[in-house]
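Trainee: I am new to this structure and would love a close look at one part of it. Could you walk me through it step by step?

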Amino acid sequence: MKNKKIVLAHRPEGMVKNADFSIMEDTVPGIQEGELLIENMYISIDPAIRGWMNHGKTYIKGVEIGETMRAFAAGMVIESRHSGYKPGDYVQGMTGAQKYAVSNGNFLIKCNTAVAPLSWHLGILGMPGMTAYFGMMEKAKVKKGDTVLISGAAGTVGSLAGQIAKNEGCRVIGIAGGSEKCAFLKSIGFEEAIDYKNESVTEALSGICPSGIDVFFDNVGGKILDEALLHLARNARVIICGAISQYNSSQTEGIRNYLKIVTARATLCGLIVFDYFDRYNEALDYFYSMIQNKKIVYREQILEGIECFPAALAMLFKGENKGKLILKI
């Protein structure tokens with residue numbers, strides 16, 4: 001069989017572009033004992049992909065030039081010499097931006113397509129959902145009565161994190177760009193939505209949160225992070241999930257208002273979802289219950305064709321998607 005895949009052609013400078021990638025074909029190798037062959041059906045388009053394109057290592061080694069692009073994907077096992085998987089099983093994991101993938105089974109998750117469509121296992125039941133769950137429940141330890149602020153709130157992680165906080169009895173405020181995204185946040189239960197493109201975040205927070213913010217879940221970084229720090233309540237928890245405003249920048253903006261962390265006796269911590277892999281079933285059970293009881297809103301946008309990978313990634317960083325962005329192969 002022939003495999004079609006996206007490979008990294010160049011290290012990007014600024015916004016990702018088509019020339020940073022190549023589409024290649026090669027022969028699917030035979031599997032060895034302990035391996036399985038997966039036919040990927042969907043590829044997840046996530047902000048983390050941009051960081052993986054850089055040279056060097058942060059929490060994970062960067063993709064090398066000429067290598068298949070790292071990405072989460074979901075598909076079906078079509079051949080197996082692994083005792084834990086059989087043909088016909090649906091799985092998701094970091095199997096790459098490619099049609100076929102050989103895996104040793106490590107870090108794969110079986111997908112329950114009786115609860116939700118396969119594509120949902122790359123969103124609410126995939127890495128974004130796990131990030132939202134452990135960010136809120138483990139890192140932030142949200143509790144009833146907390147005032148929770150979320151940046152990038154209309155994105156998949158942000159909107160799920162906000163709904164988790166609502167489910168736990170919190171007052172939730174979202175920051176998003178544009179009236180349409182802010183209206184979406186109100187429709188899923190956010191008490192307030194701040195349109196950073198058309199109003200001052202600092203002035204809005206002064207009016208909305210006179211007693212301060214107990215939890216700030218940040219997906220954006222830069223200026224919005226700096227402004228949010230000015231409004232921390234005593235013993236606030238600041239969770240740094242991402243910094244999408246900085247990923248395509250050649251020079252990252254630093255924090256100026258960091259002394260507020262001291263005066264508020266706040267804590268600031270980073271979140272890497274892979275640290276909780278052995279507890280994913282806990283988060284899956286939480287979301288299964290919310291889905292089955294219709295207590296959560298999740299939306300996705302599916303584009304067709306693996307060749308759309310570069311355009312889809314650029315679309316994500318321009319904020320043009322409406323819902324979890326996924327490629328159908």
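Trainee: How many positive and negative side chains does the protein have, and how far apart do the centres of the two sets lie? After that, please take me to the aromatic cluster.

Mentor: Happy to! Please keep in mind that this is a predicted model. The protein has 36 positive and 34 negative side chains, and the centres of the two sets lie 3 Å apart.

Before we zoom in, here is the setting. The protein holds nine helices and 15 strands. Its radius of gyration is 20 Å, close to the 20 Å that the globule rule gives for 329 residues, so the protein is as compact as a globular protein of that length. The C-alpha trace spans about 60 × 45 × 35 Å along its principal axes. Of the 329 residues, 53% count as buried, and about 14,700 Å² is exposed, with carbon and sulfur atoms supplying 50% of that area. Among contacts between residues at least 6 apart in sequence, 66% join residues at least 24 apart.

Now to the part you asked about. The structure holds twelve aromatic pairs. In one of them, the ring centres of phenylalanine 107 and phenylalanine 277 are 5.0 Å apart and the planes meet at 70°; an angle over 60 counts as edge-to-face, so this pair is edge-to-face. The two partners come from distant parts of the chain, 170 residues apart. Phenylalanine 107 sits in the loop between strand S6 (100-103) and strand S7 (109-110), while phenylalanine 277 sits in the loop between strand S13 (267-270) and helix H8 (280-292). Phenylalanine 107 has a relative accessible area of 60% and is exposed, whereas phenylalanine 277, with 26%, is partly exposed.

Another aromatic pair joins tyrosine 133 and phenylalanine 134, which are 5.0 Å apart centre to centre with 90° between their planes, again edge-to-face. Here both tyrosine 133 and phenylalanine 134 are buried. These four residues belong to one aromatic cluster, together with Tyr276, Tyr280, Tyr286 and Phe287.

Let us move along the chain to the loop between helix H2 (127-139) and strand S8 (147-151), where valine 142 is found. With 11% relative accessibility, valine 142 counts as buried. Leaving aside neighbours within four places in sequence, valine 142 is in contact with Met136, Met137, Val148, Glu168, Cys170, Val215 and Arg237. Glycine 169 is 27 residues from valine 142 in sequence, and their C-alpha atoms are 8.7 Å apart in space.

Lysine 141 lies in that loop between H2 and S8 too. Most residues other than glycine have a negative phi. Lysine 141, however, has a positive phi, near 50°. Asparagine 235 also has a positive phi, near 65°; this residue is found in strand S12 (residues 232-240) and is partly exposed at 47% relative accessibility.

One last stop is aspartate 20, in the loop between strand S1 (2-8) and strand S2 (21-27). At 1% relative accessibility, aspartate 20 counts as buried. Not counting residues up to four places away in sequence, aspartate 20 touches Val7, Leu8, Ala9, His10, Arg11, Pro12, Met15 and Met53.

Methods: Residues numbered from 1 in each chain as written. Predicted model: local features only at pLDDT ≥ 70, side-chain atom pairs only at ≥ 80, totals over all residues. Heavy atoms only, no water. Helix = DSSP H or I, 4+ residues; strand = E, 2+ residues; numbered from the N terminus. Rg over C-alpha atoms; globule rule 2.2 N^0.38 Å. Buried < 20%, exposed > 50% of the residue type's maximum accessible area, 1.4 Å probe, protein only. Contact = heavy atoms within 4.5 Å. Areas by Shrake-Rupley, 256 points an atom, 1.4 Å probe, with all protein chains shown as cover. Lys, Arg positive; Asp, Glu negative; His and termini not counted. Charge placed at Lys NZ, Arg CZ, Asp CG, Glu CD. Phe/Tyr/Trp six-rings, centres within 6.5 Å; stacked < 30°, edge-to-face > 60°.
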